[in-house]
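Here's a quick walk through the model: the overall build of one chain, how its domains meet, and where two chains touch.

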Amino acid sequence: MGKSFSGKLICGVALSVALGAAGFAVPAAAATLRMAWSQDATGLDPHKQTAFSSLRLLELIYEPLVRLDDALKIVPALAQSWEFSQDSKTLTFKLDPDATFQNGDKVTSADVKASFERLMAEETGAAARANFLSIASIDTPDETTVVFNLSQPDVPLLTAMTNINAAVVPASEIAAGTIGTKAIGSGPFKLDKWEPNAKEVLSANKDWAGGETSIDGIDISVLPDETAILAALRAKQVDFALINDPLVATLVPNEAGLRLDRTPVLNYHVLQLNPSRTPMTELGVRQAISCAVDRQDVLDTALLGEGKVTGPLTMPAYAIDPSQLFCYERDLDKAKQLMADAGYADGFSATVIAATGEPPTAAAEAQVLQSQLAEIGIKLDIKLMELNVYVDTWLKGDFDMAVALNGGRADPYSMYNRYWTKAGNLQKVANYIDDTLDDLMQQGRVESDPEKRREIFAAFEKHLAEVSPWIWLYTSYSYTAQQNNVEGFVPTPTGSLFGLSKVSVAK
Amino acid sequence: MNYLTRRLVTFPLVMLGVSVLVFISIRLVPGDAITAMLGTEAGLLTPEQRAALEAYFGIDQSWPVQYGRWLLGALKGDLGISVTFGKPVLDVILERFPLTLELALLSMAIALLIGLPAGVFAATRNEKPSDLGVRIFAMIGQSTPNFVVGLLLIYILSVGFGVLPVMGAFTPLFQDPLENLGQLILPALTLGFAFAASVTRIARSAMLDVLSEDYVRTARSKGAPAMSVLWRHALPNALIPVVTLSGVEFGYLLGGAVIVEQIFALPGLGRMVLDAILQRDYALVQGSVLFIALNFMIVNLLVDLAYAMLDPRIRLGDR
Amino acid sequence: MRILRAIFTHPSGRIGGTIVGLYLVVAILGALGFTPHDPLMQFRIDRLQAPDAVHWMGTDLFGRDVASRLMVGISQSFVVAFASVALAASAGVVLGLAAAWSGKGWDGLIMRIMDVLLAFPAILLALLIIAVVGPGTWTSVMAIAIVYTPIFTRVVRGPALSLKTRDFVDAARTFGSSRYYILTRHLMLNLVAPLTVQVTLALAWALLTEAGLSFLGLGTQPPASSLGLMLSDSRNLMEMAPWLLVFPGLAIMIGILGFNLLGDALRDILDPKTRRVAA
Amino acid sequence: MTPLLSVSDLHVGFGRDPRASEIVRRVSFDLAAGETLAIVGESGSGKSVTALSINRLVDYGGGQITRGSIAYTRADGRTLDLAQASERELTKIRGGEIGMIFQEPMTSLNPVLTIGEQIEESFRLHRGLTGRQASAAAKDALDRVRIPDAARRLKYCPHQLSGGMLQRVMIAAAISCNPRLLIADEPTTALDVTVQAQIMALLAELKRETDMAMIFITHDIGLVAGIADTVMVMQSGEVVEQGRLDTVLDTPQHPYTRHLLSAVPHFEAGRAARTDFRRPDTPAAPALKVEGLTVRFPVTSGLFRRQTGAVHAVDGVDFDLMPGETLGIVGESGSGKSTTARAILGLVPPTRGRFSANTNLREGQGSSAVQMVFQNPYASLNPRLRVDSILAEPVIAAGRRVTAETTQRMTQLLERVGLPKDALQRYPHEFSGGQRQRLCIARALMLNPSVVVLDEAVSALDVSVQAKVLQLLVELQQEFGLAYLFVSHDMAVVERIAHRIAVVYAGRIVEIGDATSILSKPKHSYTKRLIAAVPSIDRRHQTFDLDTRQVPSLVRPLGYEPDPAAWQRYGPDHKALAEA
């Protein structure tokens with residue numbers, strides 16, 4: 001009777017294999033770009049969404065007035081030109097007369113005004129509002145001219161306007177209350193279909209004022225496991241992919257036919273200390289921690305060296321060579337001395353929080369830091385938290401130390417005013433401020449001369465590194481992996497995928 | 001039937017318990033829809049902005065009020081609106097359910113097709129080498145975490161053969177059966193592997209028990225040939241524990257195979273609930289957990305019906 | 001000790017018993033710190049070394065010795081598995097006995113509550129519990145225990161209901177024995193056999209569940225190690241350093257195999273019904 | 001003429017090394033066509049293994065024929081050695097030429113198949129019948145075993161029929177293909193006396209109708225007296241005596257045969273009743289008095305379990321029991337005799353009625369004055385407790401401390417019931433059935449009770465052990481002045497121990513009085529039927545009449561009350577329920 005069993009068994013297996021093989025995808029050379037990422041957008045309202053993953057999608061659909069290019073220079077988007085008044089208190093934009101929304105309507109100054117008013121209205125609940133508080137009123141002298149009247153000089157405002165959170169949306173959609181449910185922008189792609197956490201289908205916007213895209217559309221699949229993304233690339237199932245985990249990204253170049261692009265990004269990895277908690281209240285202790293951390297070693301271990309040690313300022317225009325900063329060369333003796341001077345010769349215990357998988361290297365970073373700080377007697381207890389729990393804890397400032405990946409901006413003021421000004425919204429997270437920091441920030445805000453600004457912020461950076469409320473570690477890369485036949489993608493340090501509008505897929 | 005009706009009466013009670021449990025536990029988890037959407041940027045919100053968002057997400061009222069409102073809606077068939085999908089929860093669930101159902105059915109089919117013959121075969125070879133072989137294979141199946149199986153399958157197929165089923169998408173069965181099967185076969189094999197192992201073990205031990213029963217001896221005394229003894233007399237009696245196990249496993253699978261869906265990027269129920277929890281989409285979590293619980297209980301009911309079909313003592317007696 | 005002898009004369013019991021015994025020894029050695037290297041010591045220069053004479057199972061991303069971490073990981077996984085199963089079994093015994101003995105109202109209430117827990121998707125239940133309390137060894141223990149409690153309650157209640165009608169319980173009632181005496185001496189003592197079997201099988205499942213939770217980042221917290229955590233940490237390094245996946249993978253498979261074999265053997269030994277089959 | 005079956009020097013072993021563990025040794029016998037051989041023996045004698053070796057079912061139980069031959073003459077005259085036959089040949093012979101019926105009809109039929117399917121199977125296998133032909137044949141087969149309404153019963157499943165009916169179905173299936181040999185392995189042991197009589201009558205009739213040979217295996221030598229031509233007595237795997245029925249019964253040669261015939265209780269129609277107790281003429285305080293005991297179980301239906309009726313398990317039972325006296329309560333399964341006993345011990349709540357032991361204890365509570373010994377010594381001792389804990393339990397339950405004195409009493413009692421001294425430190429499974437029942441008796445006596453309720457206390461024991469335990473009970477009664485309430489279905493056993501007898505039928509006492517009087521001159525029709533059904537060696541070659549009456553249903557509508565009992569007196573201590 002054994003025979004008939006095994007017979008059935010073999011039949012069953014053969015059948016399923018046959019069925020399986022038939023269903024396997026054949027790599028197709030369509031003009032539609034097949035793309036994969038592991039984290040999906042969480043919503044469609046460009047004013048409200050702040051997650052990187054949402055911004056990546058919305059940047060393809062909506063447009064701001066101006067945008068940043070790959071060198072972080074401000075270039076036209078919806079606006080063809082702009083200028084600050086002499087006193088830096090008015091900012092005037094000229095809109096592209098060809099710009100149209102995907103519903104066919106022209107993009108007018110009224111849409112811009114309505115968009116910014118929506119952004120500024122408290123009932124909208126837009127977090128980005130904090131960056132535009134200096135806007136006092138908006139005038140629309142004609143269809144293509146918008147004038148922003150500012151309550152005080154605000155040089156970083158223009159940089160803030162490059163963010164997709166300042167996207168221009170149709171006034172009619174605002175009135176209809178459909179922002180966030182329908183995505184009608186003026187950008188290079190139209191969103192045809194969105195299944196959250198599964199896939200997006202985008203098609204090229206033929207009427208885009210920015211020119212013609214060379215692909216017909218983009219099919220985005222959400223593959224939550226990045227090894228699966230790699231497998232899909234290998235099987236030529238995906239043309240283009242975003243990769244977060246350096247451990248996975250470094251495997252891409254080994255594969256013939258695949259290319260990996262990496263761009264340094266503005267976001268920075270940091271060990272946040274909480275200076276409101278003893279013993280981090282002591283300057284000596286914070287400095288000791290800064291001296292005890294070997295930033296390059298953390299980078300080499302947790303990220304396999306994929307990144308660059310950085311000070312507080314990550315944008316090339318302002319960043320200074322880290323070697324000029326306080327204790328960027330590891331100095332254990334100094335660290336021990338500082339600890340002893342602060343009265344903690346025997347060290348202390350503290351808890352460090354980190355988010356699971358956000359960034360993917362968080363747990364590894366925490367472990368290396370734990371091992372390094374153990375050498376000066378600091379016993380760290382690692383607490384990994386689900387991202388939301390982490391955010392909640394972080395916002396309450398309820399931690400001794402936190403391993404974090406914080407967002408960077410092209411302008412130092414917009415990047416840090418929330419933390420290192422006396423009125424900063426996130427002072428309760430930063431828990432440290434002194435007059436020097438606040439003064440320098442206020443100066444930097446109103447100064448429009450680039451050279452003077454650079455000096456102000458160099459002083460700011462040095463001081464910040466010296467008082468060490470946080471231990472800045474390094475910046476990492478954003479990775480895009482692609483088949484060799486995908487051409488023309490230009491990445492930017494903001495991680496934007498806007499470059500996809502220039503991409504073509506060779507047959 | 002009496003027994004079944006009584007089971008049906010307890011349905012609403014259990015559902016009520018599940019709904020209270022999920023309602024409270026999801027709200028006890030730190031973080032809410034606002035932090036889920038904004039991340040650390042939520043710290044930039046003014047109190048007014050926060051209040052506006054709370055009202056928008058429907059979390060501005062006290063828990064009892066929220067629960068009452070939700071329950072009233074649920075009784076009318078309205079499970080609320082998912083904030084991540086911007087659609088009624090029920091629509092979202094029903095979109096994801098076909099995949100989960102099909103995956104569960106497919107894995108069960110694989111499991112039964114392999115497990116049942118293997119178990120019966122092993123039982124007839126009790127303690128002989130071939131029996132030991134089947135048992136060890138079964139145990140390996142049971143003892144390998146399914147994410148290991150899944151990752152290995154993907155790795156071997158993509159590196160070794162350069163082929164891979166399309167991931168991240170789901171084509172409904174009736175639209176393109178071949179593509180549909182291609183998408184589901186690997187996850188189904190991954191799930192079916194462990195499931196088949198359990199079926200093999202249960203079927204083997206149940207068959208061993210039944211083969212020592214008096215009525216099997218009676219059948220032999222009537223001159224029934226070995227095959228008839230095995231399939232006609234013994235198997236129907238040995239099926240009850242197999243049905244129990246299959247029911248339980250199937251019930252669990254209908255709740256979505258979170259890890260396997262994650263690895264194979266399948267838009268199934270399990271991943272949807274996981275994402276809903278991570279994004280604090282309260283209405284979606286509540287609705288889908290309730291839906292999963294309902295499925296589980298319906299499957300249990302079906303298992304009871306299957307018992308009745310298999311065993312006249314249950315069919316005809318009033319338990 | 002009779003039972004030990006019985007296990008080691010049973011063919012699959014011998015294999016299972018040996019495996020579990022070996023693992024226990026390794027776990028105890030690991031817990032006591034008798035490992036080839038310090039499992040937490042990071043030799044970061046030697047990171048991702050393939051197995052060699054110094055590091056028998058290679059080193060991980062931090063240059064830690066995989067063999068040492070495996071030993072500690074086994075003991076950690078065992079602690080989670082044993083503690084959660086012990087908790088679930090005790091809760092199951094108390095609830096199952098209470099339900100079986102008191103009957104009617106209480107029985108209904110307890111079993112409905114168990115139905116609620118059973119109907120709740122298990123992994124989500126564990127996930128929610130961990131999210132509320134925060135991850136950690138004891139949270140995992142609690143979460144796994146809560147998931148398994150209804151199963152143990154059912155395992156206890158069934159036999160307890162039938163034991164309740166057995167002659168020796170009737171006999172005890174004719175003497176007027178107290179409820180406590182009957183529950184402890186007549187019911188509980190006789191539940192030891194079915195419970196033992198269920199416990200060994202649940203241990204195997206608990207090991208798997210711990211691995212699954214770690215895969216989702218909710219299990220044991222680094223730098224401590226557990227089999228599941230080692231496996232999930234290694235998944236993105238699978239190609240660069242396959243030994244990181246292979247050794248913990250084999251360890252978990254063989255461990256679960258051991259528990260399953262032992263469970264099967266105990267079932268044969270303790271269950272008079274299958275004993276008859278063997279005769 | 002060659003015999004139908006000729007077994008010579010049969011050895012059967014079990015386990016990994018069958019030769020080392022032989023259960024059956026040196027068994028030889030011949031059986032001619034149409035003859036009946038009875039194999040008699042106690043448990044472990046190898047009688048069942050011998051029978052199972054003939055159709056080689058022993059192979060499936062892990063056994064193996066290690067030596068000897070089983071020459072079977074087939075219908076065409078060829079002889080086949082079944083001990084060497086291939087499985088293929090055996091499948092043809094099983095069912096087709098050799099039929100078999102088993103002890104437990106309840107478990108020997110497949111619960112998931114209908115009666116019809118199971119009978120049809122034989123026709124399909126051996127006669128090649130299918131479909132309607134097969135069902136017609138199955139219906140005929142049921143008719144043959146006198147099952148009324150056969151066509152409808154074919155669709156029944158086993159659990160819908162009573163044990164007696166099922167055994168007839170078994171017989172129908174076994175003889176459906178007119179086998180030349182029928183092996184019956186204790187076919188009536190699990191059945192009530194009257195049902196047993198019916199089955200025996202059926203077998204006898206079938207034997208007359210066909211030319212079928214039969215091997216009848218039993219532990220009850222009295223049972224075969226009516227049916228066997230030759231008898232073979234087995235003990236510990238070997239044949240100790242064999243010969244013609246009369247020869248063996250009248251002039252037994254082997255001591256074991258003699259022991260079986262003499263020491264084992266056989267029914268003697270009241271001649272063997274005890275006479276060592278006389279009720280005092282003047283009214284004295286009874287050890288136990290039961291008045292109007294009624295136990296009803298609610299019958300519910302519908303969603304909300306509304307009560308729609310009641311099972312009248314015990315309906316107005318009265319009796320009293322004097323110190324030093326045994327009252328035997330006799331009846332068949334479902335008659336309410338066990339429920340009566342359990343109600344007295346407080347294990348089931350009585351609906352009505354009073355009973356008082358001669359100590360003032362609360363009703364319905366277990367009391368130390370009344371103790372109980374259960375039927376199954378394997379089930380009534382907690383397998384996980386040591387004997388000392390088991391014996392200590394009543395003492396602890398009574399709220400007393402376990403002292404040196406207690407231990408002393410344990411040892412004394414163990415010695416008194418005939419158990420070794422070291423028994424205290426052992427577990428129940430280390431004892432044989434008889435020893436365990438002695439343990440139960442010792443436990444019941446721990447608190448010096450005045451009344452002991454013995455519920456089928458010797459029914460599960462081997463016949464020769466029964467006799468010894470009965471003897472012990474009698475001795476203990478005389479020694480401690482105990483009153484026994486002895487519940488049993490076995491008339492022969494009751495005869496040996498009871499001073500008075502109460503016959504219970506459908507929840508009521510139908511006849512009560514002096515044991516000798518009732519057993520020798522039964523008055524109630526049910527008592528008469530019961531006594532007529534008891535097999536005995538005295539009733540050699542006597543055939544039983546077929547009687548297919550069923551016990552009436554005890555379910556009554558809500559609020560039903562039976563008529564008050566109308567007694568008719570037949571002597572100083574003998575009364576029976578008046579019959580319509």
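## Ground rules

Two residues count as being in contact when their C-beta atoms, placed from the backbone, lie within 7 Å. Keep in mind that this is a predicted model.

## How the domains of chain A meet

Chain A is assigned two stretches of interest: domain 1 (4-184 + 485-505) and domain 2 (265-477). Measure between their C-alpha centres and you get 30 Å.

So what does each domain bring to the contact? Domain 1 of chain A puts in 14 residues, and these meet 15 residues of domain 2 of chain A. On the domain 1 side of chain A, the mix is 8 nonpolar, 5 polar and 1 charged residues.

## Overall build of chain A

Chain A has 16 helices and 19 strands. Its C-alpha atoms fill a box of roughly 80 × 80 × 40 Å along the principal axes. The radius of gyration of chain A is 25 Å, which agrees with the value near 23 Å for a compact globule of 507 residues.

Of those 507 residues in chain A, 57% count as buried. Take the chain A contacts between residues at least 6 apart in sequence: 68% of them join residues at least 24 apart.

## Where chain D touches chain C

This contact draws on 20 residues from chain D and 18 residues from chain C. On the chain D side, the elements giving two or more residues are β15 (370-373) and α13 (387-397). The largest share there, 4 residues, comes from α13(D).

By class, the side of chain D that touches chain C has 11 nonpolar residues, along with 7 polar and 2 charged ones.

Terms used: Residues numbered from 1 in each chain as written. Chains lettered and ligands numbered in written order. Predicted model: local features only at pLDDT ≥ 70, side-chain atom pairs only at ≥ 80, totals over all residues. Nonpolar A, V, L, I, M, F, W, Y, C, P; charged D, E, K, R; others polar. Domains from an automatic or database assignment. Rg over C-alpha atoms; globule rule 2.2 N^0.38 Å. Buried ≥ 20, exposed ≤ 12 C-beta atoms within 10 Å, placed from the backbone.
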